[in-house]
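Here is a short tour for someone meeting this structure for the first time. Have a look at the sequence and the model, then read on.

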Amino acid sequence: MSTPTLVSSPVMAFVATANPAAAKVFYGDTLGLRLLNEDDFALAFDANGTMLRVQIVETVSPAPYTALGWHVVDAGKVATELTAAGVRMERFAGMNQDARGVWDAPSGARIAWFKDPDGNTLSIAEL
């Protein structure tokens, strides 16, 4: 049996937006991702070599869990930078998050969450 082509193919990430103008500002200006392409169907951003397609839909139904995340070197530093850029870090009951919104997971990971303009939950994780 041969190895499936997907093993050597890059992953593409997806989230949805009902407000492409707000998504363009958030992902492009606030998060600093480079816009690759924009059409009636999606905004395509370069997320450090991974294509992030922000699909344009009529209505977004955000998942009750993280839809997209970034592996970062220092979660506290990035949370501070995001907050300074106007991003509100999410807080969850029962999770002992520090002043920056970072949670120390039992695994040793340090994780913080935030939402995009459509309510999609995004995260940063120091693993």
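Let's start with a single residue. Thr17 sits in strand β1, and with a relative accessibility of 0% it counts as buried. Keep in mind that this is a predicted model. A polar atom of the Thr17 side chain lies 2.9 Å from the backbone nitrogen of Asn19. Setting aside residues up to four places away in sequence, Thr17 touches Ala23, Val54, Gln55, Ile56, Val57, Val60 and Asp118.

**The whole chain**

Now let's step back. The protein chain has 2 helices and 8 strands, and from the N terminus on they run β-α-β-β-β-β-α-β-β-β. Along its principal axes, the C-alpha trace spans about 45 × 40 × 25 Å.

How much of the chain is buried? Of the 127 residues, 37% are. As for contacts with a separation of 6 or more, 50% of them come from residues 24 or more positions apart. The chain exposes about 7,800 Å², and carbon and sulfur atoms supply 55% of that area. It carries 9 positive and 14 negative charges, and the mean positions of these two sets are 5 Å apart.

**Helix α1 and its cover**

Which residues of helix α1 are buried? In this helix, residues 20-30, they are Ala23, Phe26, Tyr27 and Gly28. An α-helix has 3.6 residues a turn, so residues three or four places apart point the same way. The cover over the buried residues of α1 includes β1 (12-17), β3 (42-47), β4 (50-56), β5 (66-71), β7 (110-115) and β8 (121-126). After α1 comes Gly32, with a positive phi near 80°.

**The nonpolar cores**

In soluble globular proteins, nonpolar side chains tend to be buried together. Here, the largest nonpolar core has 25 residues, and those with the most contacts inside it are Tyr27, Leu52, Val54, Leu82, Met89, Phe114 and Ile124. Two or more residues of this core come from each of β1, α1, β3, β4, α2, β7 and β8. Which element gives the most? That is α2, with 4 residues. Another core lies apart from this one, with 5 residues, among them Ala105, Ile111, Trp113 and Ala125.

Leu82 is worth a look too. Leaving aside neighbours within four places in sequence, Leu82 is in contact with Leu31, Val87, Met89, Phe114 and Ile124.

**Two loop residues with polar side chains**

Next, two residues that sit in loops. Asn120 is in the loop between β7 and β8. Is Asn120 buried or exposed? Its relative accessibility is 6%, so Asn120 counts as buried. Not counting residues up to four places away in sequence, Asn120 touches Val15, Ala16, Val60, Pro62, Phe114 and Lys115.

Arg91 is found in the loop between α2 (75-84) and β6 (103-104). With a relative accessibility of 45%, Arg91 counts as partly exposed. Leaving out residues up to four places away in sequence, Arg91 touches Gln97, Asp98, Ala99, Arg100 and Gly101. Arg91 and Ala112 are 21 residues apart in sequence, while their C-alpha atoms are 8.5 Å apart in space.

Here are the polar contacts made by the side chains of these two residues:

| Side chain | Partner | Distance |
|---|---|---|
| Asn120 | Ala16, backbone oxygen | 2.9 Å |
| Asn120 | Asp116, side chain | 2.8 Å |
| Arg91 | Asp98, backbone oxygen | 2.9 Å |
| Arg91 | Ala99, backbone oxygen | 2.9 Å |

**A positive phi in a loop**

One last stop. Most residues other than glycine have a negative phi. What is the phi of Asn48? Asn48, which is not a glycine, has a positive phi, near 55°. Asn48 lies in the loop between β3 and β4. How does Asn48 stand in terms of accessibility? With a relative accessible area of 78%, Asn48 is exposed, since the cut-off for that is over 50%.

Conventions. Residues numbered from 1 in each chain as written. Predicted model: local features only at pLDDT ≥ 70, side-chain atom pairs only at ≥ 80, totals over all residues. Heavy atoms only, no water. Buried < 20%, exposed > 50% of the residue type's maximum accessible area, 1.4 Å probe, protein only. Contact = heavy atoms within 4.5 Å. Areas by Shrake-Rupley, 256 points an atom, 1.4 Å probe, with all protein chains shown as cover. Lys, Arg positive; Asp, Glu negative; His and termini not counted. Charge placed at Lys NZ, Arg CZ, Asp CG, Glu CD. Polar contact = N/O pair within 3.5 Å; in protein donor to acceptor, adjacent residues only side chain to side chain. Core = buried A, V, L, I, M, F, W, Y, C linked by side-chain atoms within 4.5 Å.
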